[in-house]
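Colleague: I have a chain open next to me and would like to go through it with you. Could you take my questions as they come?

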Amino acid sequence: MKHKPVEGFSKMSKQGKIEWLVNEYLNASEKAVQTLTQYWNEDTELQRLHDEFSENTLSNFYMPLGFAPNFLIDGELLCLPMAIEESSVVAAASKSAKFWLDKGGFKTKILSKIKLGHVHFMFEGDAEKLNHFYLETVLAKLYKDTAQITKNMQSRGGGILNIKLVDKTSEIQNYYQIHAEFDTVDSMGANFINSCLEQFAQTLKREVENSDEFTNDEKDSLQIVMCILSNYTPDCLVRAEVGCPIEMLADKDVSAEEFVEKFARAVRIAEVEPYRATTHNKGIMNGVDAVVIATGNDFRAVEACAHAFASKDGRYTSLTHCEVKDGEFRFWLDLPISVGTVGGLTSLHPLVKIALEILGNPNSDRLMEITAVAGLAQNFAAIRSLVTTGIQKGHMKMHLLNILNQLEATDEEKEYFVTYFKDKTVSHHSVISEFCRIRGINSVEELKKK
Ligand code: MEV
């Protein structure tokens, strides 16, 4: 083994952890220590806040926070905060927003809002008896025993919506669930749901143990496997859509009819072809994740749910759909998304607070709507480019700037390169050769030596 394990890492000081890390993995490089520490914030309180979001924090990892203006959403003009490292995403969102601004903008609708969680358990015994006992004895106690946990949520208009016993024994022998539905109002609700579920498990176990309806073997067979919310929330669903008469969609070099035909065909391909659907949906998530991160929500949960939803009918398909009927074009996204605007990072991270303030301090319904719009806008921009100019035209300008930044090109040089590559294909090789030519050097290695 090249490296040694470490004891008590989490207990070491920040300095101690960096020393250990750099000695063990980075050849004791002073430059590495400098790089890690140069991202610390001078404001020690702010730094402490960030350190405490997670464990063993040694530095900060910057992510660009961009803003996409001109989003007309249900008649409200918004500027969307987007935290994303991928070039072209914010530009594409802004372009889409502008495109739809004079065509009625984006319309949204919450289709349903139910969050889910399960107690997964095993029981070896009579299923009907268990079901009867659940309905007669357990169900009411599940509500009663969680009354303390649900009190606050209820006062905010939420709580437990429904609890049922599900027999899963046809899939795994002896496997059952308590399937619970929740309204967590403006919070994402993970802690609330998991606390309720853990109480449900205790109540179930206690009631079965205290009952004389079950044999000792049946009682012993009851095993709680786990209590956890589900990130798959197909009924926490929002729709974002755009639409206009077809003739409004004429593009630079394409007639409105041709554009609509090409666009609708591209969406249809994503609906039937999983290879394309994956990339198509990835583009949607470019917009969705960027808003989810900027507003302090859990993008892994949002991603997992979106892709599970895209496969709900047994084949992975597009999350957006398009309809061309009676001279009208309609394009929409149905997105299952669980986000919160209270709790978690939303009230802790100073940039998240600002992002939410810019969005008018939305409730979670409104944030679902705004996030879905970001996904739809992104998808519209991507398909529009793909079926007309091709995606590389816009991407390559950003690629060019990235290469020039790596080369530490001056602003004048950057300007020169943008003009130079207007009618040429950008490649790493072609940028480097032209860079060397104008600097009068043979290779970029020469720069490093200077
Ligand atoms: C790139 O991040 C996203 C796209 O590939 C999406 C798409 O192909 O629809 C451009």
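**Working through the model**

Modeller: A good place to begin is Ala-28, which is partly exposed, with a relative accessible area of 44%. Ala-28 sits in the loop between helix H1 (14-25) and helix H2 (30-38), and I should say at once that we are looking at a predicted model.

Colleague: What is the phi of Ala-28?

Modeller: The phi of Ala-28 is positive, about 55°, although the residue is not a glycine. Most residues other than glycine have a negative phi.

Colleague: And what about Asn-70, where is it and what is its phi?

Modeller: Asn-70 has a positive phi of about 70° and is not a glycine either, but its place is in strand E1 (residues 65-73). With a relative accessible area of 27%, Asn-70 falls between the limits of 20% and 50% and therefore counts as partly exposed.

Colleague: Let me step back. How many helices and strands are in the chain?

Modeller: The chain has 17 helices and 10 strands, and its C-alpha atoms fill a box of roughly 90 × 70 × 40 Å along the principal axes. Of the 450 residues in the chain, 45% are buried.

Colleague: What share of the accessible surface belongs to carbon and sulfur atoms?

Modeller: Carbon and sulfur atoms account for 52% of an accessible surface that comes to about 23900 Å² for the chain. As for contacts, if we take those between residues at least 6 apart in sequence, 69% join residues that are at least 24 apart.

Colleague: On to the ligand. Which residues surround it?

Modeller: The ligand is surrounded by Glu-86, Arg-276, Thr-279, His-280, Lys-282, Gly-283, Asn-286, Ala-382, Leu-386 and Ile-391. By class, this shell has three nonpolar, four polar and three charged residues.

Colleague: Which helices supply at least two residues of that shell?

Modeller: Helix H10 (274-294) and helix H13 (364-387) each do so, and the largest share, six residues, comes from H10.

Colleague: What are the distances from the side chains of Glu-86, Arg-276 and Lys-282 to oxygen atoms of the ligand?

Modeller: For Glu-86, an N or O atom in the side chain is 2.5 Å from an oxygen atom of the ligand. A polar side-chain atom of Arg-276 lies 2.7 Å from a ligand oxygen, and for Lys-282 the distance from a polar side-chain atom to an oxygen of the ligand is also given as 2.7 Å. On its own the ligand has 300 Å² of accessible area, and the protein covers 85% of that.

Colleague: Changing topic, how many disulfides does the structure hold?

Modeller: The structure holds zero disulfides. Take Cys-236: the closest cysteine sulfur is in Cys-305, 7.7 Å from the sulfur of Cys-236, and a disulfide needs the two sulfur atoms within 2.5 Å, so this pair is too far apart for a bond.

Colleague: Are Cys-236 and Cys-79 buried, partly exposed or exposed?

Modeller: Cys-236 is buried, with a relative accessible area of 0%, whereas Cys-79 counts as partly exposed at 26% relative accessibility.

Colleague: Where is Lys-103, and is it buried or exposed?

Modeller: Lys-103 is in the loop between helix H4 (89-101) and strand E3 (107-113). At 14% relative accessibility, under the 20% limit, Lys-103 counts as buried. Not counting residues up to four places away in sequence, Lys-103 touches Gly-243, Cys-244 and Met-248.

Colleague: How far apart are Lys-103 and Lys-262, in sequence and in space?

Modeller: Lys-103 and Lys-262 are separated by 159 residues in sequence and by 20 Å in space, C-alpha to C-alpha.

Colleague: One more region. Which polar side chain lies 2.8 Å from the backbone nitrogen of Leu-229?

Modeller: That is Asn-194, through a polar atom of its side chain. Asn-194 is found in helix H7 (residues 190-210), is buried with a relative accessible area of 18%, and touches Cys-227, Ile-228 and Leu-229 when residues up to four places away in sequence are left out.

Colleague: And Thr-150, what does it contact?

Modeller: Leaving aside neighbours within four places in sequence, Thr-150 is in contact with Ile-160, Phe-192 and Cys-196. Thr-150 lies in helix H6 (residues 147-155) and counts as buried at 4% relative accessibility.

Conventions: Residues numbered from 1 in each chain as written. Predicted model: local features only at pLDDT ≥ 70, side-chain atom pairs only at ≥ 80, totals over all residues. Heavy atoms only, no water. Helix = DSSP H or I, 4+ residues; strand = E, 2+ residues; numbered from the N terminus. Buried < 20%, exposed > 50% of the residue type's maximum accessible area, 1.4 Å probe, protein only. Polar contact = N/O pair within 3.5 Å; in protein donor to acceptor, adjacent residues only side chain to side chain. Contact = heavy atoms within 4.5 Å. Near = heavy atom within 4 Å. Areas by Shrake-Rupley, 256 points an atom, 1.4 Å probe, with all protein chains shown as cover. Nonpolar A, V, L, I, M, F, W, Y, C, P; charged D, E, K, R; others polar.
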